[in-house]
Amino acid sequence: MVAALELYLDTVATRRIRVLWEALEAEGVQSMRSLLEQRHRPHVSLAVAPRFEPEQVTAALAGTTVAAPLRLSFQHAGQFVGRVLWLGPVPTPELLAHHRRVYDLLVAGGVTLMEHYRPGRWVPHCTLSMRVPNALMSAAVRRCLEMLPLEATVVAAALTDHARNISHPLP
């Protein structure tokens, strides 16, 4: 399990993604709804690490609004190696600049982050399923495309480490 700095979406967008999770489950695809005793929240991760220390992250981000009220426009579905299915927001200059600012502050604060979340490599996304069976991928993607476009606003942020039962709200 990994720790993440998560951006949470407004109520309407969250509800729509949860409906999509249900539609994927109906297709036989285990969605994020099934993980963590249904405590998982739709989000976009700004940073991921093997482990976070909340005090260190809080100190590194002091004075920064992590939950900046960014507008996100989810316009596409994607797949990562390993059959991970996700919705992708348009990578606007505002989103990319916010990501870079948070990333740079964390690194300057001595926080070790996973390489694929480095600016220039980061793919902003909202994970829908971690292991879509190959035979069900086309049906799962079709369900995603039926949901798009999806407009959202970032309304909150938290540092999460589910292996250690940490959910630390951030400003």
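**Exercise 1. The pocket**

Which strand gives the most to the lining of the largest pocket? Work it out on this predicted model.

*Solution.*
Step 1: Find the pocket. The largest pocket holds about 640 Å³ of space.
Step 2: Look around its centre. The lining counts 25 residues, and Val-2, Val-48, Tyr-117, Thr-127 and Met-130 are the closest to the centre.
Step 3: Check the strands. β1 (3-9) and β2 each supply at least two residues of the lining.
Step 4: Pick the top contributor. That's β2, with 3 residues.

**Exercise 2. The cavity**

Find out how many cavities of 30 Å³ or more the whole structure has, and list what lines the largest cavity.

*Solution.*
Step 1: Search the whole structure. You get 1 cavity of 30 Å³ or more.
Step 2: Get the volume. The largest cavity comes to about 40 Å³.
Step 3: Walk along the walls. Gln-30, Ser-31, Met-32 and Leu-35 are among the lining residues, and so are Ser-129, Met-130 and Arg-131.
Step 4: Compare with the pocket from Exercise 1. Met-130 turns up there too, as one of the residues closest to the pocket centre.

**Exercise 3. Strand β4 and its partners**

Decide whether β4 is enclosed or open to the outside, and trace its pairing with β3 and β5.

*Solution.*
Step 1: Sort the side chains by direction. Val-84, Trp-86 and Gly-88 point one way from β4, while Leu-85, Leu-87 and Pro-89 point the other way.
Step 2: Check burial, using the cut-off of under 20% relative accessible area. 6 of the 6 residues of β4 are buried, so the rest of the structure largely encloses this strand.
Step 3: Go to the β3 side. β3 and β4 run antiparallel and pair over 6 bridges, with Phe-80 bridged to Val-84 of β4.
Step 4: Look at the turn. β3 and β4 make a hairpin with 3 residues between them, and Gly-82 in that turn has a positive phi of about 100°.
Step 5: Go to the β5 side. Here the pairing is also antiparallel, over 3 bridges, and Leu-87 has Cys-126 of β5 as its bridge partner.

**Exercise 4. Helix α4, inside and out**

Work out which residues of α4 are buried, what they pack against, and how Arg-143 is tied to another part of the chain.

*Solution.*
Step 1: List the buried residues. In α4 (residues 137-147) they are Met-137, Ala-139, Ala-140, Cys-144 and Met-147.
Step 2: Find what these residues pack against. The elements are helix α1 (11-26) and the strands β3 (71-80), β4 (84-89), β5 (126-129) and β6 (150-161).
Step 3: Turn to Arg-143. At 27% relative accessibility, this residue counts as partly exposed.
Step 4: Find its salt bridge. Arg-143 pairs with Glu-27, and the closest N and O atoms are 2.9 Å apart. Arg-143 is in α4 and Glu-27 is in the loop between α1 and β2 (43-49), so this pair links parts that are 116 residues apart in sequence.
Step 5: Widen the view. Glu-27, Arg-142, Arg-143 and Glu-146 are joined in a network of salt bridges, and the structure has 11 salt bridges.

**Exercise 5. Glu-115 and its two arginines**

Identify the arginines that form salt bridges with Glu-115, and say how exposed the residues are.

*Solution.*
Step 1: Take Arg-118. Its closest N and O atoms with Glu-115 are 2.5 Å apart.
Step 2: Take Arg-121. Its side chain meets that of Glu-115 in a salt bridge at 3.7 Å, N to O.
Step 3: Check exposure. Glu-115 is partly exposed at 41% relative accessible area. Arg-118 is partly exposed at 30%, and Arg-121 is partly exposed at 43%.

**Exercise 6. The core and a buried histidine**

Name the residues with the most contacts inside the largest nonpolar core, then place His-98.

*Solution.*
Step 1: Open up the core. It has 51 residues, and Leu-5, Phe-52, Leu-72, Phe-74, Leu-106 and Leu-128 have the most contacts inside it.
Step 2: Follow Leu-5. Beyond its sequence neighbours within four places, Leu-5 contacts residues including Phe-52, Leu-106, Ala-158 and Leu-170.
Step 3: Locate His-98. This residue is in helix α3 (residues 93-108) and counts as buried at 1% relative accessibility.
Step 4: List its contacts. Leaving aside neighbours within four places in sequence, they are Leu-46, Thr-65, Val-66, Ala-68 and Leu-70. Leu-46 and Val-66 are also contacts of Leu-5.

Methods. Residues numbered from 1 in each chain as written. Predicted model: local features only at pLDDT ≥ 70, side-chain atom pairs only at ≥ 80, totals over all residues. Heavy atoms only, no water. Buried < 20%, exposed > 50% of the residue type's maximum accessible area, 1.4 Å probe, protein only. Helix = DSSP H or I, 4+ residues; strand = E, 2+ residues; numbered from the N terminus. Contact = heavy atoms within 4.5 Å. Salt bridge = Lys/Arg side-chain N within 4 Å of Asp/Glu carboxyl O. Core = buried A, V, L, I, M, F, W, Y, C linked by side-chain atoms within 4.5 Å. Pairing = 2+ DSSP bridges. 1 Å grid on protein atoms, 1.4 Å probe; cavity = no way out; pocket = protein on both sides within 12 Å on 5 of 7 lines; lining within 4 Å. Points joined across faces, edges and corners; volume = space filled by probe spheres on them.
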